[in-house]
Amino acid sequence: MELTLAMRTVRIGHTPDMDDAFMFSAIANRRVPLNGLRVEHVIEDIQTLNRRAASAELDVTAISAASYPALADAYWILAVGSSVGRGYGPLLIARRPMGLASLEGRRIAVPGLRTTACLLLRLALPGGVLLERRFEEIPHAVQGGEVDAGLVIHEWQLTYRDAGLHLVLDLGAWWQQQMHLPLPLGLNVAKRSLGREAAGRIATLLAQSVRYALNHPEEALAYAMRYARGTDAARAMQFVSMYVNEDSLSLSPSCSEALGTLYARAYNAGLIPQVPALDIIEPA
């Protein structure tokens, strides 16, 4: 039996990062009609959300695209709210200039073993020794010599040079050169137990929130800046624009193809348990 959304609170997980905050700002500030839906925002870092999704704790949640194969039995993919890189993505950085091959067997800090960034690194560099660290700690671990290199996401993609660090590999550019496809990094998913109608209504609400943010960028950015972690407004808008755009409003055929390609490559490398069917919920 499908759930009636107006009769319950829906727990929606998203990250304390500027792009997610930008997308969800209109829901948080009630700039779009909730139509009786009660929303509880659960704000956690992406690796924590990946773990919580593994036990199906949240009704709707952001996840790393790499996590979906293990979650497909419990969750549908929402067609909206995705984070997609087009020729850019997570960055592998080091204290000094070096080539990728020199990191074989070396210690590399990653922002979560279930993240898409980590999966891409395993495809590009199978022999790295991966150490899980909170994403905001990774540049400091690289600077201090605790690790030989680090995989950075979020605003550190724009600011690593300020810390005197050097680029080893842009995994988004690597993926583009290899596959000639966009790179789906993050997805939003909805519990199958909600039922398709309810999941479609939530997808519609999220689509309305993203569209409102894109149409009112100054207002949405002002909300997102509470999660800026010292990033100035110009760089914050640059980062948000990288990951909140038309790709966040629909899962294009090329993005669906990219997901299938990513999962097929990961499965063939023995990195994921299955190639999941892409069961996608469109806005109602």
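Hi everyone, let me begin with a number: the largest cavity here holds about 330 Å³ of space. Please keep in mind that this is a predicted model. A search of the whole structure turns up two cavities of 30 Å³ or more, and I'd like to walk you through both.

Let's stay with the largest cavity for now. Its lining is made up of 24 residues. If you want to find its centre on your screen, look for I46, S83, H154, L185 and G186, which lie nearest to that point.

Where does the lining come from? Five elements each supply at least two residues: the helices α1 (18-28), α3 (116-124) and α9 (233-243), along with the strands β3 (60-64) and β11 (183-191). Of the elements, β11 gives the largest share, with four residues.

And what is the lining like chemically? For the largest cavity, it divides into 11 nonpolar residues, 10 polar ones and three charged ones.

Now for the second largest cavity, which has a volume of about 30 Å³. Around this one you'll find I12, F24, I27, V60, L78, I202, L205 and L206. Two elements give two or more residues to this lining, namely α1 and α7 (196-215). The largest share comes from α7, with three residues.

How does the lining of the second largest cavity divide into nonpolar, polar and charged residues? There are eight nonpolar residues, with no polar and no charged ones.

One last thing to look for on your screens: α1 supplies at least two residues to the lining of the largest cavity, and α1 also gives two or more to that of the second largest. Thanks for listening!

Key:
Residues are numbered from 1 along each chain as its sequence is written. This is a predicted model: local features need pLDDT of at least 70, side-chain atom pairs count only at pLDDT 80 or more; totals for chains, interfaces and linings use all residues. Side-chain values use heavy atoms; hydrogens and water are left out. On a 1 Å grid over the protein atoms alone, a cavity is a set of points where a 1.4 Å probe fits but cannot get out, and a pocket is an open set with protein on both sides within 12 Å along at least five of seven lines; lining residues have an atom within 4 Å of a point. Grid points are joined across faces, edges and corners, and a volume is the space filled by probe spheres set on the points. Ala, Val, Leu, Ile, Met, Phe, Trp, Tyr, Cys and Pro count as nonpolar, Asp, Glu, Lys and Arg as charged, and the others, Gly among them, as polar.
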